[in-house]
Amino acid sequence: MSQISSTVLALLEILSYAFIFAIGAGILWLIVIYIRDKTQTASTLRRNYPVIARFRYLFEHLGEFFRQYFFALDREEMPFNRAERSWVYRAAKNVDSTVAFGSTRDLKPAGTVYFANAPFPDLEHGTTPPAPVTIGPYARTPYTTSSIFNISGMSYGAISVPAVRALSRGAQKAGIWLNTGEGGLSPYHLEGGCDIVFQIGTGKFGVRKPEGGFDEDKLRAVAAHETVRMFELKLSQGAKPGKGGILPGAKVTEEIAAIRGLTPGEDAISPNRHPEASNVGELLDMIAYVREVTGKPVGFKAVLGAHGFLDGLCQEILSRGEASAPDFITIDSADGGTGAAPMSLIDNMGMPLRESLPKAVDVLTRYGLRQRIKVCASGKLINPSEVAWAFCAGADFVNSARGFMFALGCIQALQCNKNTCPTGITTHNPKLQFGLDPADKAERVASYAKNMLKEVTVLAHSCGVTEPRLLRRYHARIVQDSGRSVSMAELYPEQAQQHAAQ
C-alpha cells in the first residue's frame, strides 16, 4: 500500500513540475510575443495592443466556420447556402430527398425562378430517357451522348489524386463526361474509363512545346485515347475572365509538373489568352487546326462580356461555311468557381449565366447555327431547379464543378487556394487526402449525377414534357421587382432565324 502511495505522490510531483513548466513556458511565450508585437512596425493594432490584437485574427478566421454552422440561416450563405449544399449531400448519399411541411424558399425576391406546371401531364412520361445528342458532325469521330449533367473542368493539380480518381470512376458509373480542366491528362483521369473532354487552357498544359505553342505529337497522343471524346479550348473562366489559370507553387508537385511541363514548386500562371487567337478568325483557325489533328469535336469555353463577340463569330462562320464552326460552346457564368483568382475579378467581371445563356442561344438561332453548335451551360448550377432553368433557356448540356466537389465531401471551407483543404479534395497533403476514399466517393459522384437526372426529369414531366431538353422558356417564370412573375419567354422572346447557314 505504501508503495502505491509513493508512486502516486511521485506522479503528482511530476505533474506539478510539468504544470509549473507549462505555466513558465506560457509566460515566457507571452513576453516574447509582447516584445515582438511592440517593436514591429507592420501592424498598428499589434503595436498598440500587443498580444491581445492577435486574437482578432484568430476570431476572424474562426468566424467563417461559426457563421457556416451556427449563425447563418439555411438560405443565407454565399456562394452556396446550406439548403443548396444539403440537397447535393443527400443526392450524393442516395438518401431520401423529400422534405415535410413546406418549402423554406422565399419566392418573393426579384430574380426568383419557378416553373409553370402542366394541368394534364402525360402518364407515360415516367420512363423516357433523354434522347442522344451528336456533337461534331464534321469531325472524323463525332461524339454522341445521352448525358445532360456532366463534370466541369477541374485540373489535376487544382484537385488531388483521390478526387480525380473518384470523379473518373463516378462519371463512368453514371454515364457522363469528365472535363480534365486545363492541367493536362493524367493517368487518374483515364483510370475509371469514363468519357473525357480534354480542356486546353491558355498554357496548353499537356499538349505544349517547351517554348510554347501546340505540340502536334502530344495532341495526337491525347486524341489516341478512345475515351477522350472532345477537346475544349478555354478562352476564359467564370471566376477570372481576362486572366489565365493560377496554380500556387505549393500544389505544383513533381508529378504535376511533369504532366504540365513545368518546374516543381513554381507558380503555374497561364497567359490571359491564347497567343494564336487575337480575333474570331484566328479562333476558328485554331479550332480547325485542333479538330484536324485530333479528329475529335472541338469547342470553346468562355464568359460572355464584350458586346458583339458572338455576332462577329457567327458572321465569320457564315462567310466560311458552317463546317468551320466550333462544335460546341460552353457558356461560363461570372459567378463561376475557381481554386485561386483575384477578388477584383471574382466580384466584378463578366456576365452572369442568367443573362448570358439566353442571349448566346438567341444569337446562334438568329444566324441559323443553333443546331450546328451545341451549347453547354456552366456556373453555379448544382441543384435541379438551376439545371432545369438552363434547359429552359436553351442549353443542350449542363456542366458543374462545385456540385461534384460537394458530392466528393466538400464543406465549403474556402481553403482551395491554400493546400489545406480539410476534405482532401484540393490539397496534395497526404495526411489530408487520407480521408477521401475514391471507391466510396465514386459512388457518391454517380448517385449525385443520377439523382440530378431524376429530379430534373421530374420537373420536366411536371411541366408536361418528356425530358429536360424539351423544356422551353415559357415553362419558366421569373419574379420581377414588382413582385409579379413574368414568363421567361416574354423576357427573352424566341428568336427567328435571320441568316442562312451556308
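Helices α12 and α13 are roughly parallel to each other in this predicted model. Their axes come within 9 Å and cross at roughly 30°, and since angles under 35 degrees count as roughly parallel, the pair earns that label. Helix α13 covers residues 384–393. On the α12 side, the residues that do the touching are L353, R354, L357, P358 and V361, and they meet W389, A390 and A393 in α13. Sorted by class, this contact has seven nonpolar residues, one charged residue and no polar ones.

Helix α12 has another helical partner, α10. Here the axes of α10 (residues 309–320) and α12 (residues 353–366) come within 10 Å and cross at roughly 25°. That angle makes α10 roughly parallel to α12 as well. As for handedness, the crossing of α10 past α12 is right-handed. From α10, the contact draws on L310, D311 and C314, while α12 brings in A360, V363, L364 and R366. Five of the residues in this contact are nonpolar and two are charged, with no polar ones in the mix.

What does α12 look like on its own? It has 14 residues and reaches 19 Å from its first C-alpha to its last, which is close to the 20 Å expected at 1.5 Å a residue. Most of the helix is covered up, with 10 of its 14 residues buried. These buried residues are L353, S356, L357, P358, A360, V361, D362, V363, L364 and R366. And what do they pack against? Besides α10 and α13, the buried residues of α12 pack against the strands β11 (328–332) and β12 (374–378), and against α17 (488–491). After α12 comes G368, a residue with a positive phi, near 70°.

Away from this group of helices, S160 is worth a look too. This serine sits in the loop between β4 (149–151) and α5 (161–174). Is S160 buried or exposed? Its relative accessibility is 0%, so S160 counts as buried, the cut-off for that being under 20%. Which residues does S160 touch, once its neighbours within four places in sequence are set aside? S160 is in contact with G424, I425, T427, H428 and Q433.

Notes: Residues numbered from 1 in each chain as written. Predicted model: local features only at pLDDT ≥ 70, side-chain atom pairs only at ≥ 80, totals over all residues. Heavy atoms only, no water. Axes fitted to C-alpha atoms, helices over the stretch in contact; angles between N-to-C directions. Helix = DSSP H or I, 4+ residues; strand = E, 2+ residues; numbered from the N terminus. Parallel < 35°, antiparallel > 145°, perpendicular 65-115°, else oblique. Left-handed = near helix turned anticlockwise from the far one by under 90°. Contact = heavy atoms within 4.5 Å. Nonpolar A, V, L, I, M, F, W, Y, C, P; charged D, E, K, R; others polar. Expected span 1.5 Å × (residues − 1). Buried < 20%, exposed > 50% of the residue type's maximum accessible area, 1.4 Å probe, protein only.
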